[in-house]
Amino acid sequence: MALFQKETAQAEPDFSNLPQHIAIIMDGNGRWAKQRGLPRTAGHAAGAENFRKVATYAKEIGLQYLTVYAFSTENWKRPQEEVNAIMRLLKKYLLEAIDQMERDRVKMHFFGDLTPLTPELRKLCDRTQEISTHYDGCQVNICLNYGGRDELVRAMKAWYADCQSGLRDPEALTEQVVSDYLFSKGVPDPDLIIRPSGELRTSNFLLWQSAYSEYYFTDVLWPDFSTAELDKAIAAFQKRSRRFGGV
């Protein structure tokens, strides 16, 4: 039996018993565009629009946390034209989000190292996070220039620096202490991680936080991953027994 298997579940979820935190690896934009004879940038545009729909739906059904993998530390290796297109889409989305946050009251937070972004984009990211401090409700975490290994290295460097300065006791290192140095500090670990596109790997996503997450894999490409597909993933999750190492 394969370690990871794709799901075929088709059922209505119990909206009164939702997972607290869902994370999604938004994969398949390029293949979606290629299938239609379009440039990869068109796939990213379609994927960005779908993210908007899924995030809005997550808020409507009462999900507390939604985390999405938007741009990894490795994605800088892609053609410059594609990277530029992704950054333009990010700017467009953030400008629209800032304009609508008062109405939608969705909190936004970023996981990742934002320093390589342009000053304009960093300012927009900071602005959305600042506005979010005034709201309660669904929190959307956008993993941007994010990598799970990079996150752990940064956390350990920060912890070591605090130990050197006397702020931390090296003998008092615990799992909670590690979690407190991650980008996701204060956010519960994801209950369910979804990967569209047919790939069966985790791709350096939330390595520490996913220790006991349930995974859901599907062949549906991200731009086609509808709210109905999200319902299927939640329904499949709700059928599972989570024992966390117990019996």
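1. A residue is called buried when its relative accessible area is under 20%, exposed when that area is over 50%, and partly exposed in between. By this scale Thr41, with a relative accessible area of 26%, is partly exposed, whereas Glu214, with 18%, is buried. The note that follows concerns a predicted model, and the burial terms in it keep to this scale.

2. On overall architecture, the protein chain holds seven helices and six strands, which follow one another from the N terminus in the order β-α-α-β-α-β-α-β-α-α-β-β-α. The radius of gyration is 18 Å, close to the 18 Å that the globule rule gives for 247 residues, so the protein chain is as compact as a globular protein of that length. Along the principal axes, the C-alpha atoms fill a box of roughly 55 × 50 × 35 Å.

3. On packing and surface, buried residues make up 47% of the 247 residues in the protein chain. Among contacts with a separation of 6 or more, 78% are between residues 24 or more positions apart. The accessible surface comes to about 13,000 Å², and carbon and sulfur atoms account for 50% of that area. The protein chain carries 31 positive and 33 negative side chains, with the centres of the two sets 5 Å apart.

4. Strand 1, which spans residues 21-25, deserves a residue-by-residue look, since five of its five residues are buried. In a regular strand the side chains alternate between the two faces of the sheet. Here His21, Ala23 and Ile25 point one way, while Ile22 and Ile24 point the other way, and all of them are buried.

5. The pairing of strand 1 can be followed on two sides of the record of bridges. Strand 1 runs parallel to strand 2, to which five bridges join it, and it also runs parallel to strand 5 (residues 192-195), to which three bridges join it. Ala23 appears in both pairings, standing opposite Thr67 in strand 2 and opposite Ile193 in strand 5. Ile24, in turn, stands opposite Val68 in strand 2.

6. Strand 2 (residues 65-72) is mostly covered, with seven of its eight residues buried. Besides its pairing with strand 1, strand 2 is joined by seven bridges to strand 4 (residues 139-146), and these two strands run parallel. One of the bridge partners in this pairing is Gln139 of strand 4, which is matched with Tyr65.

7. Glu214 lies in strand 6 (residues 214-217) and, with its relative accessible area of 18%, counts as buried. Leaving aside neighbours within four places in sequence, Glu214 is in contact with Asp191, Leu192, Ile193, Phe237, Arg240 and Arg242. Among these, Ile193 is the residue of strand 5 that stands opposite Ala23. The C-alpha atoms of Glu214 and Ile22 are separated by 9.7 Å, although the two residues are 192 residues apart along the chain.

8. Thr41 belongs to helix 2 (residues 40-61), and its relative accessible area of 26% makes it partly exposed. When residues up to four places away in sequence are not counted, Thr41 touches Glu81, Glu82 and Ala85. From Thr41 to Trp222 the C-alpha to C-alpha distance is 14 Å, across a sequence separation of 181 residues.

Key. Residues are numbered from 1 along each chain as its sequence is written. This is a predicted model: local features need pLDDT of at least 70, side-chain atom pairs count only at pLDDT 80 or more; totals for chains, interfaces and linings use all residues. Side-chain values use heavy atoms; hydrogens and water are left out. Helices (H or I, at least four residues) and strands (E, at least two) are DSSP runs, numbered from the N terminus. The radius of gyration is taken over C-alpha atoms; the globule rule is 2.2 Å times the number of residues to the power 0.38. Buried means under 20% relative accessible area, exposed over 50%, partly exposed in between (1.4 Å probe, protein chains only). Contact means heavy atoms within 4.5 Å. Accessible areas come from the Shrake-Rupley method with a 1.4 Å probe; for residues, only the protein chains shown count as cover. Lys and Arg count as positive and Asp and Glu as negative; His and the chain ends are not counted. The place of a charge is taken as NZ of Lys, CZ of Arg, CG of Asp or CD of Glu. Two strands pair if DSSP finds at least two bridges between them.
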